[in-house]
Structure formats: structure tokens, C-alpha cells
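Here are a few short exercises to work through with the model open. Try each one before reading its solution.

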Amino acid sequence: MSIGTLLFKIVDNIENVICRTLLASFVVLLFAQIISRQVFNHSLSWTEELSTYMFVWFVYFGASYATKLAAHNRVTFQFKFFPPIVAVISEAIADLIWVCFNGYFVYLSYDFVFNKMNLFWKSQTLGFPMKYVYMILPIAFALMTIRILQVNYYKLVKGIDIRDPESLEVEKLIESSDQHNKPS
């Protein structure tokens, strides 16, 4: 495997790796906090704050990962009533609007974090600048934008339909129930 292929594989799965790491880390921290309180009657105040920040980052990276899988929460039921080409175009237009929203939010959040945020805002117990917590906003929305474009590239240019595995299962169930309910 070449270095370019390996690098692409890592970048293509970055949200998955980060989400797994964050989830495992904040669960371990919260478990340590529970053991510390119950067994040693001592509270580690910093673990709750760090776990909260890790959870927030987990949620935003998870949203980006869901976008990559085309599993992000969105209303697409109405597209099933359209002819296939109209459904594809309508979904592409909806994704273009989503990209525009994300681009604007990246701009606003970047401006907030790097230009308007007070440098002296510190986290309560850990004492590091809150700028590092809020940096997830431009990062996650930029990643979501890239993933939206990636999914649409696969769908519209390469003809590969990337969809949430659960939605495929639901469609199979609906099709099978429709076949069973048809009069013979």
C-alpha cells in the first residue's frame, strides 16, 4: 500500500477515528469520576468539564461522519413521490443550499473564534482558552461541507449511491411488504 493510499484512507475516515477516540475517552473519564466519588469520596472536578467538551466535539464530528454516510437527519421522504431525475435534482439543490448554509456558518464561526472571542475566556476548571473548545464549529461545518460535496460527487458523477444502511434496510422491508400485499 502506497503512502498516498494510506494517507487518503486515514483522511477519508478521520471522523470515524476521532469519534471512536473521543467516545472511549470521555466514557473512561466519567467512569473514573464515578469510581473516584463512590470509592474514594473525592471528586475530580476537571473530568466533568473535559468530558463535556469531548462530548461536544464528539457530536460535531459525528454529524460530519453521518454526512459522509449520507445518514444525516434530513427530510427526503417527499422525493420518493417525484420521478427519479426530479428527485435527484431536488436533492442536489437541497444539498447546495446546505453547502451554502455551512459555508456561511464556517465564516461566522471562524470570525467569532479568531476575531471576536475574548482571549481571556478560560474554561472553569481546566484553565485553557475557550477558543480551543469553540474551534470545533468551523472545523466540523467545513468537514460537513466537504462530505456533502463528496457524497454528491459519488452520486452525480460516479453514479455510486451512498446511503445510510438503515434507510436501505427500511426500503427493503417496504418493498417486501408491498410484494406480499399485492393481489395475486
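**Exercise 1.** In which helix does Ile 85 lie? Then decide whether Ile 85 is buried or exposed.

Solution. Keep in mind that you're looking at a predicted model. Start with the position: Ile 85 belongs to helix 4, which covers residues 84–116. Next, take the relative accessible area of Ile 85, which is 56%. The cut-off for exposed is over 50%, so Ile 85 counts as exposed.

**Exercise 2.** Find the nonpolar surface patch that includes Ile 85, and say which residues make it.

Solution. Begin with the aromatic members: Phe 77, Phe 81 and Phe 82. Then add Ile 85, Val 86, Ile 89, Ile 93 and Ile 97. Together they make a patch of about 830 Å². For the wider setting, the chain exposes about 12600 Å², with 69% of that supplied by carbon and sulfur atoms.

**Exercise 3.** Check the "transmembrane region" spans in the UniProt record against the model's secondary structure.

Solution. First, get the spans: the unreviewed UniProt entry lists residues 21–40, 52–71, 92–110 and 130–149. Now look at two of them. Residues 92–110 come out as 100% helix and 0% strand, with 26 Å between the end C-alpha atoms. For residues 130–149, the figures are 90% helix, 0% strand and 30 Å.

**Exercise 4.** Sum up the whole chain: how many helices and strands are there, and what share of residues is buried?

Solution. Count the elements: seven helices and zero strands. Then go to burial: 27% of the 184 residues are buried. Finally, contacts: of those between residues at least 6 apart in sequence, 70% join residues at least 24 apart.

Technical notes:
Residues are numbered from 1 along each chain as its sequence is written. This is a predicted model: local features need pLDDT of at least 70, side-chain atom pairs count only at pLDDT 80 or more; totals for chains, interfaces and linings use all residues. Side-chain values use heavy atoms; hydrogens and water are left out. Helices (H or I, at least four residues) and strands (E, at least two) are DSSP runs, numbered from the N terminus. Buried means under 20% relative accessible area, exposed over 50%, partly exposed in between (1.4 Å probe, protein chains only). Contact means heavy atoms within 4.5 Å. Accessible areas come from the Shrake-Rupley method with a 1.4 Å probe; for residues, only the protein chains shown count as cover. Patches are made of residues with over 30% relative accessible area and no salt bridge: like charges are joined within 9 Å, nonpolar side chains (Val, Leu, Ile, Met, Phe, Trp, Tyr) within 5 Å. A salt bridge is a side-chain nitrogen of Lys or Arg within 4 Å of a carboxyl oxygen of Asp or Glu. UniProt positions are given in the numbering used here, feature names are shortened, and annotations may be inferred rather than shown by experiment.
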